[in-house]
Amino acid sequence: MTEPDALALLAVFLIPLGTALLLMVVPSTERSLLIGITALSGFAMFIISVMVFLQYDFEGAQFQGVRSWTYMENVGLLGKDGIQLKVGIDGIAAAMVLLTGIVILPGTWVSWKIQDRMKDFFILLYILTAGVFGTFVMLDMFVWFLFYEMALLPMYLLIGVWGSTRKEYGAMKLMIMLLAGSILIFTAIFAVYAEAGLGTFDLTRLYGVQFDEDFQKIYFPMIAIGCGILAALFPFHSWSPDGHASAPTAVSMLHAGVLMKLGAFGIIRLGFQMLPEGGEFWAPGLMVLGITAALYGAISALRQTDLKLMTGFSSVSHMGYVMVGLGTLNVIGWSGAVLQMFAHGIMTALFFLLIGGMYDQAHNRDIPNFSGMARQMPVWTVFFVIAGLASLGLPGMSGFVAELHIFIGAFRAYPLVGGLAVLTAAITATYLLRMFSQAFFGEFNERWEHLRDITFAEKCGATVLAGTILLMGLWPSPWVNRISTTIAETIPLVTL
Amino acid sequence: MGMEQVWILPAIPMAVFVLLGLFNAYIPRRGDFIAVLGMSLVVLLVGLVLLDFQGSFSDHEFHPPAGDNTYAFDWLNIGNGFFVIEFSTYVDAITMVMLPVVSFVALMVLVYSIGYMHGEKRYGWYFATLSFFVAAMLLLVISGNLLQLYLAWEGVGLASYLLIGFYWERQSAAEAAKKAFITTRVGDVGLLIGIILLWKATGTFDIQGLINAAHAGAFSETYLTISLIFLFLGAVGKSAQFPLHVWLPDAMEGPTPVSALIHAATMVVAGVYLVARMLPMYELAPIAQDVVLYTGLITALLAATMGLVANDIKRVLAFSTVSQLGFMFVALGVGAVTAAMFHLFTHAFFKSLLFLGSGSVIHATDQQEVEGLGGLWKKMPITAATFIIGSLALAGIPIFAGFFSKDEILHALMDSGPSWAYLVLAGTALLTAIYSTRLVLLTFFGKTRNVESYNHAHESPRIMTAPLCILAVLATVSGFFAIDQVGKLLGFEGGIGYLVYPVGGHPHEFKLYVLFATVATITALVGLIIGWVYWHGNAQRANAAKEWAPEIHQLLLRRYYMDELYQGIINKVILGAAAVIAWFDKRVVNETGVDGGAQLINFLGWRLKFTQTGRIPNYVLAMAVGVLAVVVVAVSNS
C-alpha cells in the first residue's frame, strides 16, 4: 500500500475553498454554470477523499501524507516551526475525511433546487466544507483552530438566510453556544502552548510533551466541554435540535453529519492525545455525560412531533454513544466511538436529505399531520426506513457495527453503562417505529395527494448514503482496520 | 455440496431477494417462479447436506472428519485476534433437524402463496421479503457463533416486521408490526447483553468454544446463570413466551401464509433452537434452566386457556402456537433436548398445515371470525379433511405426529420434573384437545352463521390444496421418525432419538410405555369429547358456560388484560417520563439555562448602560475612585 499524498490532503480543503472563490466571480444568473462548477467540485472532493481513505496504510506510520509549510517562526514568542501549515492524517482522520467527502456529494446535489441566491449559498457551504476538511487534516494546533472556526461561522448565515421555522433564533443560539465553546478551546490552546514552552503549535511535537498532571486535569475538561458543545454533549446540547430544525437541508446534512463529529474529533486530537492523564482522570465523567445524553436524547425524542426535532434529539442520543465509547478507554470502545461518528454521520445525512425533500413540498414536518405516506412516496419511504433501521442498530447496517463496539467496550469498563446503552437502542427502536407506523403507514391522508415521490437528485444522493450504510454494515473491515490500528498503536492511554 | 458449504443455502434466497426486491416489476409474473425455483434448489441442497451428514454418522455418534462440519473466516479483527468476529457455520444434528423444516415448509408456503396472494398489490415484494426471511432463517440455524446468530436473529425480526405490516394501509397492521418488533426488541436487549457477558468471560463468540469453556470452568455459576437468563430473554421475546407473548396474536394481521411460515413453523421456534443449542451450558446453571422450565409451563397453560375463547380462527392458532412453544421450553427445562427438537419438528408441519388451512378458509369466505363461519366441510372438503388431520395431530391423538412428540415431552417431565408440573402440562394437553375440537366444529360443522359468505365459498385452487395435502401427510407420518424401524429405513438407525441427544449423554431411545401412552390418549380423547359436547350443533352448552361465568370468559377473552397493562405502562410510565424529560429540556435546560443566560446578559447590559451617562463629571469621579483604589491596594501590599 502507498501512503496518501500530502497534495491530496491539501486538495481536499483547497478545492472547496477555490470553488468558493471561483463562484464569487460567476454571475448569479448563470445557474447552469454554477451547477456545473459545483457538480465538478463536489465530485472531485468525493473522489479525493475516497482515495485518501483507501490509500491510508493502516500498517504504516501514525501520521501519513505529512508535509509542512512554515508560516511564521522565530518571531516574537514563536520558536522554530512556530506556526505552520502542516497536513497529515491518521486512521481516525482518514475515516472523517471520507465521511465529509461522502456527505458533501449529495449535499451539493440537493442544493441545486435552491431558488433564492443559490450562488451565495454555495459560497458559504463550500467555505464551511473547506473548514471541516481542513480541521481533519491539520497537524498544527493554531491552524487547526483557524479551520475549526471557519467551519462554524458560515453556519450563522446559512441558517439565518436560508433556514426555516424560527431561523433567526436557531441561528443565533447555535452561534453563541458554539462560540462560547470556541473561547474555551482557544484559552486551552494557548495555555498548552505556554505550558509546553516549545514555541511551536506543532501537534506531533506537543504530543511528546509530558504535561504536569494538575495542568492536565484543569485543561482537559476545558477542551472536552469546548469541543463537546459542538458534539452536543449533554447538557450543552440545546442548540442542536433547534439548529437542525431551522437549517436548510444541505446544511442540516453537513452539520449533523459532519460538523458534530468535528467536536468529538477535537476531544480526541486536542484532549485525549495531548493531555492523556487529564483524559484518564475525566473519562468516567465523560462516560456519565455520554450515557445520560444517550438516554435523555432517546426519551426526549419519544415526545417530539416535529420530524426534524426528533432527528435532532436522536442525534444527541447517538453522539452520547460516542462519548460513552471514548469514556471506556479501551480499544474496542474507542473504535466504536469513531465508527459511530462515521456511521451516525452517514445516516443522519440521509435522514435530513429525506426530510428536506419532503418539507420542500409539504411545508410541514409535524408527524401527526401525516399518515400512509408510503402510498404517495414509496421510494422515499424505503430510504427513510433504511436510515431508521441503521439508526436503531439493526445488524447488517453501519449503526450496528459501531454500537456493538461501544456496547462491548462499555461492558468491559462499566457493565452497568453497557446495559443502559443496549437499553437505549430499544428506546430508539420505539420512537422510530412509532413514527413509521404513524406517518408512513395506515390510511393515506388525502391532503398530501399533491406530493411527489423523491426527485432524481435526491434519489442519487440517498443511494450513495444508503449504499455506504449497507457496505459498512456488511463489510466493516476497511473502517475497523484503519481506526482500531491507529487507536491501539498510537494512543498509549487507550489499552486493549 | 457438503456440510462445509452450507453457507450456500442462505445465499440462494438472498440472491432471490435482491433480484426480486429491485427488479420484480421487470420480470414476468413478478418473479414468483424464481422464488419457488430458488427454494426448490435449497430443498435439494439440504438433501445433499443430509446425505453428507449421514456419512459422518457412525455407531449412533456424530464423527465428522476434522473441520468437515465447520467453516469460518474473520469478519473483523481488532488487536491481532484480541477481538474477532467471525463468519462461521456449524452443522450438527440440531442443525439437521432445522434445515429440512425451514426449507421444506418455506417451499410449501411459497407455492401456496402463488394462489393465496394472486392479484395482490405488491405481489413481487411479497415474494422478495419472504425470500429474505428464509435467507435470514437459514443463516440463523447454521450460525457457528452467537454474534452471527444475532445478526440473523434481527434479520428474521425485520422480515417479520415487514410481512406483518404487509397490508400497511390498515392501521391495525401497521400497529401490529410495530408491536411485534418492539416487543421482540425488548427481548433482544437481553440477548445482546447475554452474548456480551459470555464474551467478556471467555473472549469468544463461538458457540462450541463457549460450551467447552463453560465445561472447563471459565464461568462462576452465578455469572453463568445471569448471562444465560439474559440470553433466554431473547428467546422469550422471539418465541412469544410469557410475559412477552403479546405480540404474536396481533401478528396475525399479516398474510396467512406468512403466519404459517414465520409465526408458526420457523421464526418463533428460533428461541427454542437457541436454548437447545446452548443447552449444555444451561445444564451447568440449574437456576437458569428452571427459569426456562417454568416460563414454558406458565406460557403453555395461559396460552391454551386464551385459545379456548378466542373467536378469530387465526388467533386461536396463534395462541395454540404460543402454548406449543411453551411445551418445547418445558422439555428444554428438564434437559430433554430430543423431545424439544422432535416436537419442534412435528409442530412445524401440523401447525403450518393448520395455518394454511385457515388461509384457505379465509380465501374462500373473507371471514376470519368463527361467528361468520360454520358448515364449510361440504363446500371445502379437502381443506376440511386436511384441517382435521392437523387438529388431530395438535390434539395428540395416536398415530398423528403430535401424539409422539407431546408424549415425549410429558414423559421427560414426569421423569425429571416436579410432579405438579406434569399435572399442569397434562391439563394443558387436555385444553389443547378441547380448543382444537372447538375450532374444527365451529369452522367446518354445524350450521353456517353467515349465509352470504357461505354461498360464495368454494374449494381453493389446486396450487393451494396441493401443499395442504403434502403437509397433511407429514402431519400424520412425521411422528414415526421416532421409531427405530422407520429410522433404519431412512438411513438413521434408532430414529430421531439417536440423532439428537444431549452432548456427552446417551442416545435417547424412543419407547412407547403402554400405560403412559394410554393415559395420554385418554386425555386427548376426553378433550375431544368435551369439545364435541360443548360446541357441536349450535354450541348451546358453550354459550351457557359463557353466561355461567362471564367474568372468567371476559378475563380470557381480554387475554388476562396484559395488553392493557403494557399499553398502560407505555402510556403512563414511559411516555410520562418522556413528557417530563421533554418538559425539563424545554423549560429548564433551554429556556432557563440557555435563553435565561442570554436574557441575563441582556438585562445586565440594560442596567449597565445607565452608568454611561455622557457627563464628564461622572466619569472623572469614577476615575478618581479607581486611582484611589489602586493606591490603597499598592500601599497596603508594600
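Here are some worked exercises on a predicted model with chains A and B.

**Exercise 1. Describe the side of chain A that touches chain B: how many residues does the contact take from each chain, and which element gives the largest share?**

Solution. Start with the totals: chain A gives 42 residues to the contact and chain B gives 37. Next, find the elements of chain A that supply two or more residues; among them are α6 (167-196), α11 (276-302), α13 (331-362) and α17 (415-440). Of the residues on this side, ten come from α17(A), which is the largest share. Finally, sort the residues on the side of chain A by class: 24 are nonpolar, twelve are polar and six are charged.

**Exercise 2. Work out how α11(A) and α25(B) are oriented where they pack.**

Solution. Begin with the geometry: helix α25 (residues 562-609) of chain B meets α11(A) at an angle of about 105 degrees, and the axes are 8 Å apart. Angles of 65 to 115 degrees count as roughly perpendicular, so α11(A) is roughly perpendicular to α25(B). Now pick out the residues in the contact: α11(A) brings A:Y296, A:I299, A:S300 and A:L302, while α25(B) brings B:L575, B:A577, B:A578, B:I581, B:A582 and B:D585. By class, this contact has eight nonpolar residues, one polar and one charged.

**Exercise 3. Stay within chain A and describe how α13(A) packs against α19(A).**

Solution. The two helices, α13(A) and α19(A), have axes 9 Å apart and an angle of about 130 degrees. This angle makes α13(A) oblique to α19(A). As for handedness, the crossing of α13(A) past α19(A) is right-handed. On the α13(A) side, the contact is made by A:V331, A:W334, A:S335, A:V338, A:L339 and A:F342; on the α19(A) side, by A:W479, A:V480, A:I483, A:S484, A:I487 and A:A488. Sorting the residues of this contact gives ten nonpolar, two polar and no charged.

**Exercise 4. Place A:F13 in its surroundings: is A:F13 buried or exposed, and which residues does A:F13 touch?**

Solution. First locate A:F13, which sits in helix α1 (residues 6-25) of chain A. A:F13 has 25 C-beta neighbours inside 10 Å, so it counts as buried. Leaving out residues up to four places away in sequence, A:F13 touches A:A130, A:F133, A:G134 and A:V137. For a sense of the chain separation, take A:T135: it is 122 residues from A:F13 in sequence, yet their C-alpha atoms are 9.2 Å apart. Now turn to A:V97, whose contacts, with the same sequence neighbours left out, include A:F133 and A:V137. In the largest nonpolar core, which has 421 residues, A:V97 and B:V275 touch the most other members.

**Exercise 5. Compare two residues with positive phi, A:D81 and A:H363: which is buried and which is exposed?**

Solution. Take A:D81 first: its phi is near 55 degrees, a positive value in a residue other than glycine. A:D81 lies in the loop between β1 (64-72) and β2 (83-89) of chain A. Because A:D81 has 21 C-beta neighbours inside 10 Å, it counts as buried. For A:H363, phi is near 50 degrees, and the residue is in the loop between α13 and α14 of chain A. A:H363 has 8 other C-beta atoms within 10 Å, so A:H363 is exposed.

**Exercise 6. Where do the cis peptide bonds A:F234 to A:P235 and B:F242 to B:P243 lie?**

Solution. In chain A, the cis bond joins A:F234 and A:P235, with omega about 0 degrees. A:P235 belongs to the loop between α8 (213-230) and α9 (239-246) of chain A. In chain B, the cis bond from B:F242 to B:P243 has omega near 5 degrees. B:P243 belongs to the loop between α8 (221-238) and α9 (247-250) of chain B.

Methods. Residues are numbered from 1 along each chain as its sequence is written. Chains are lettered from A and ligands numbered from 1 in the order in which they are written. This is a predicted model: local features need pLDDT of at least 70, side-chain atom pairs count only at pLDDT 80 or more; totals for chains, interfaces and linings use all residues. Two residues are in contact if their C-beta atoms, placed from the backbone, lie within 7 Å. Helices (H or I, at least four residues) and strands (E, at least two) are DSSP runs, numbered from the N terminus. Ala, Val, Leu, Ile, Met, Phe, Trp, Tyr, Cys and Pro count as nonpolar, Asp, Glu, Lys and Arg as charged, and the others, Gly among them, as polar. A nonpolar core is a set of buried Ala, Val, Leu, Ile, Met, Phe, Trp, Tyr and Cys residues joined through C-beta atoms within 7 Å. A residue is buried if 20 or more other C-beta atoms lie within 10 Å of its own, exposed if 12 or fewer, and partly exposed in between; C-beta atoms are placed from the backbone. Axes are lines fitted to C-alpha atoms, for helices over the stretch in contact, and angles run from 0 to 180 degrees between N-to-C directions. Angles under 35 degrees count as roughly parallel, over 145 as roughly antiparallel, 65 to 115 as roughly perpendicular and the rest as oblique. A crossing is left-handed if the near helix is turned anticlockwise from the far one by less than a right angle, and right-handed if clockwise.
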